[in-house]
Amino acid sequence: MGLRRYLANKTVWYLGALVVAVVLNFVLPRLIPGNPVDVLVSKMGQGGLSSEAQQRTYEAFMREFGLDKPIWDQFVLYITGVFHGNFGASFSFYPTPVSSLIAQSVPYTLALQLPAIVLGWIIGNLLGAIAAYKGGSWDKSVFTTALLFNSTPYYCLSIILLYVFGVVLGWFPVGGAYSLGSSPEWSWAFFSDAITYWYLPFASLVLINIGGQAVGMRSMAIYELGSDYVNYSRSLGIGDRKMTGYIFRNAMLPQITGLALSIGTMVGGALITELVFSYPGMGSLLFGAISSNDYPVIQAVTLIITVAVLVANYMVEILYGFIDPRIRASKSGEK
Amino acid sequence: MTNISSSAVVAEAGGPLVPEGLPTEPQKAKPAWRSLNFGPRMWISLGIIGFVAALAFIGPLFYPFGPEEKVGSLYDQPTWMNTPPTFEHILGTENFGYDVLAVLMASARNSIIIGLLAGTIAVVIGVAIGVIAGYVGGWVEELLMGFTNIVLAIPSIVILILISISLQSTGVPFLKGVVGLALVIGVTSWPWTARAVRAQASSVATREHIDVAKLSGARTPSIMVRDVLPYLASYAVMAWVLQLASAILAESTLSMLGLGPAGANSLGKQLFWALAFQAVATGAWWAFLPPTIVLTMISFGLLYLQSSLDEVFNPRLRRGKKKNLAKAAARREETARKLAENPPVEVNA
């Protein structure tokens, strides 16, 4: 009974958050004074269209983007479009659909972020646990280094790595995702070329992740090491090996949450790193869209970031309901 | 801010160690903050923050060039690299030919102002919502925390981007500039503070002194301000430090995405222009390294300060300071010995 109520409660809250996010995503760009189509048409007008032709394109665009309808109909259109994976057409790359622009960018972002998050999580947790367990100078040096990486803004590290290893030492190419001559395809030649562009942005992200995870795991493990059950089991004479198992399992729970949550922030978590390396992922797409007032693209990117975070958070809460017995025991969930 | 925190700690820790009426003059003459035992972490972080603050607020008073003063062309190298070396423009010029150090000072100042404004707004909103929800409870709590949880679930960068885009296209210069950006960041970053404060406030609300206050006829707002808030003060200070850091970083993220304060310098905008004009690829390190390093210093300094404040406020976190423990024990022994040698009665007489 407790579990079912917990799940229902969480589902309602996350659906609420999703509705608010979608509405904000729809309403905020429409609060902008002036009509995005004006911008688009005036840009085309520079190409020397007659005013009559401009008027006709203007009307065609208004129909195309549904801007001639009342706002409620626009909202319904937007929602049905989103559910079909249709985000409309990009303003600046008209008539390319937004969904195909995103489909081009997402693989690059995922290729950077997924390995960086998973590898950073594994290495960071190991380092943090060892630091907490060993203590002494080991702990001090690991903790200070991890804290330094944890508190460095990720794009600052990106800039420094790019400058030192790309520009000064010249070990890696300076920007982009592949050499000028090649084009994205499933071939060994493209892959081996692209990976040289991948190392640096990946390294800058993985170092930050290692730092963050190590700091978190260390403090969790220290907390567990001092807890009553550890002291009690020690007094019972339980062996070190078994104790480490207990401690690790208890300290892992929040860390697993951390992993799930950072997978949720994968799309929106490294926007600026892509800018620094001119890596053609979601960050660069968003940047280009902002600088050219390409609202359909901006809206689609922000919506994807939001949905990814919400889904990850929701999954974590649901998983917790099953894993953590304390939640089932309590009458109502955490506020 | 440190003044409030230090006096709170002194009241707690200073009391029992030094019994009143002791003839130990040197200890009395010691200023109150000396008994805090800040530890090296606190000093390192305060040193870093002090350096950046001096750069931002005192530096421009002495530096001969202004941030809007064209002194050279695109990426002139620092003058000490010239032959013969001079020390006129220590960090060279940036893409518009302005002096990098002058721009850096103005940028750091604006970034800190944005951080202070946004961080304060966020903490004030967060503490207000948290205290009201935690103390009042009932449907008020459900409502406020429901709202908080919804805002918390939506990634703040998304709301920041969407609101900033809307603000940038309004014609109001006030909303497009430093203050507008600070408002947006402050208004979107309070939820986690509210959530944490609520948890603490509802535990404070069950303590006995609240019952005493209620019995003595104090009204709810007065209880919240006088009897609940002081117990959250140390937490609020730490939250404020964190909010300050995250607001400065949020500003630079937004600026690098092209949504920075219009017509004003900031650390993020300095990086934005450096990236736009290919400073990294052309090796013009003086254009992008200074803001990068200052940002890192701010972020590291504030997070380090927060963790050392945590240790000051929360003595359980102090770990492995055997030397200090031994010192404290020795001090106690010394006072006890003196107490035995000349009992306080004699001194008073």
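**Stop 1: the core**

Select A:Ile159, A:Leu286, A:Val301, B:Ala108, B:Leu160, B:Ile185 and B:Leu257. Within the largest nonpolar core, which has 166 residues, these touch the most other members. Now colour helix H4 of chain B, residues 100–136. H4 gives this core its largest share, 20 residues. Keep in mind that you are looking at a predicted model.

Zoom in on B:Ala108. Which residues is B:Ala108 in contact with, leaving aside neighbours within four places in sequence? Show B:Val52, B:Leu55, B:Ala56, B:Leu267 and B:Val294; these are its contacts. Remember B:Leu267, because it returns as one of the buried residues of H12(B).

**Stop 2: the two chains**

Zoom out and show chain A alone. It has 14 helices and zero strands. From the N terminus on, every element in the run is α. Along its principal axes, the C-alpha trace spans about 90 × 60 × 35 Å. Chain A has 335 residues, and 37% of them are buried. Take the contacts in chain A between residues at least 6 apart in sequence: 71% join residues at least 24 apart.

Switch to chain B. Here there are 15 helices and zero strands. Of its 349 residues, 40% count as buried. Among contacts in chain B with a separation of 6 or more, 74% come from residues 24 or more positions apart.

**Stop 3: the contact between chains**

Show both chains again. Select the residues where they touch: 44 residues from chain A and 36 residues from chain B. On the chain B side, colour helices H5 (138–153), H6 (156–168), H11 (220–259) and H13 (285–313); each supplies at least two residues. Colour that side by residue class. You get 24 nonpolar residues, 11 polar and one charged.

**Stop 4: H1(A) against H6(B)**

Select helix H1 of chain A, residues 2–30, together with H6(B). Their axes lie 8 Å apart, and the helices pack at an angle of about 20°. H1(A) is therefore roughly parallel to H6(B). The crossing of H1(A) past H6(B) is left-handed.

Now show side chains. From H1(A), pick A:Leu24, A:Asn25, A:Leu28 and A:Pro29; they meet B:Ile159, B:Leu162, B:Ile163, B:Ile165 and B:Ser166 of H6(B). How many residues of this contact are nonpolar, polar and charged? Seven are nonpolar, two are polar and none is charged.

**Stop 5: H11(B) against H13(B)**

Hide chain A. Select H11(B) and H13(B). They pack at an angle of about 165°, with axes 10 Å apart. The two helices are therefore roughly antiparallel to each other. H11(B) passes H13(B) in a left-handed crossing.

Take the H11(B) side of the contact. It holds B:Ser234, B:Val237, B:Met238, B:Val241, B:Leu242, B:Leu244, B:Ala245, B:Ile248, B:Leu249 and B:Ser252. Facing them on H13(B), select B:Leu295, B:Ile298, B:Ser299, B:Leu302, B:Leu303, B:Leu305, B:Gln306, B:Leu309, B:Asp310 and B:Phe313. This contact divides into 15 nonpolar residues, four polar and one charged.

**Stop 6: H12(B)**

Select helix H12 of chain B, residues 267–276. Is H12(B) mostly covered or mostly open? It is mostly covered, with nine of its 10 residues buried. Show them: B:Leu267, B:Gly268, B:Lys269, B:Gln270, B:Leu271, B:Phe272, B:Trp273, B:Ala274 and B:Leu275. Bring chain A back. The buried residues of H12(B) pack against H11 (271–276) of chain A, together with H4, H11 and H13 of chain B.

Step past the end of H12(B) to B:Gln278. Its phi is positive, near 60°.

**Stop 7: B:Asp76**

Finish in a loop. Select B:Asp76, between helix H3 (39–62) and H4 of chain B. Is B:Asp76 buried or partly exposed? It has 19 other C-beta atoms within 10 Å, and being buried takes 20 or more. B:Asp76 is therefore partly exposed.

Add B:Gly92 and B:Thr93. B:Asp76 touches both, not counting residues up to four places away in sequence. Then draw a distance from B:Asp76 to B:Glu94, C-alpha to C-alpha. The two are 18 residues apart in sequence and 7.3 Å apart in space.

Definitions and conventions:
Residues numbered from 1 in each chain as written. Chains lettered and ligands numbered in written order. Predicted model: local features only at pLDDT ≥ 70, side-chain atom pairs only at ≥ 80, totals over all residues. Contact = placed C-beta atoms within 7 Å. Helix = DSSP H or I, 4+ residues; strand = E, 2+ residues; numbered from the N terminus. Nonpolar A, V, L, I, M, F, W, Y, C, P; charged D, E, K, R; others polar. Buried ≥ 20, exposed ≤ 12 C-beta atoms within 10 Å, placed from the backbone. Core = buried A, V, L, I, M, F, W, Y, C linked by C-beta atoms within 7 Å. Axes fitted to C-alpha atoms, helices over the stretch in contact; angles between N-to-C directions. Parallel < 35°, antiparallel > 145°, perpendicular 65-115°, else oblique. Left-handed = near helix turned anticlockwise from the far one by under 90°.
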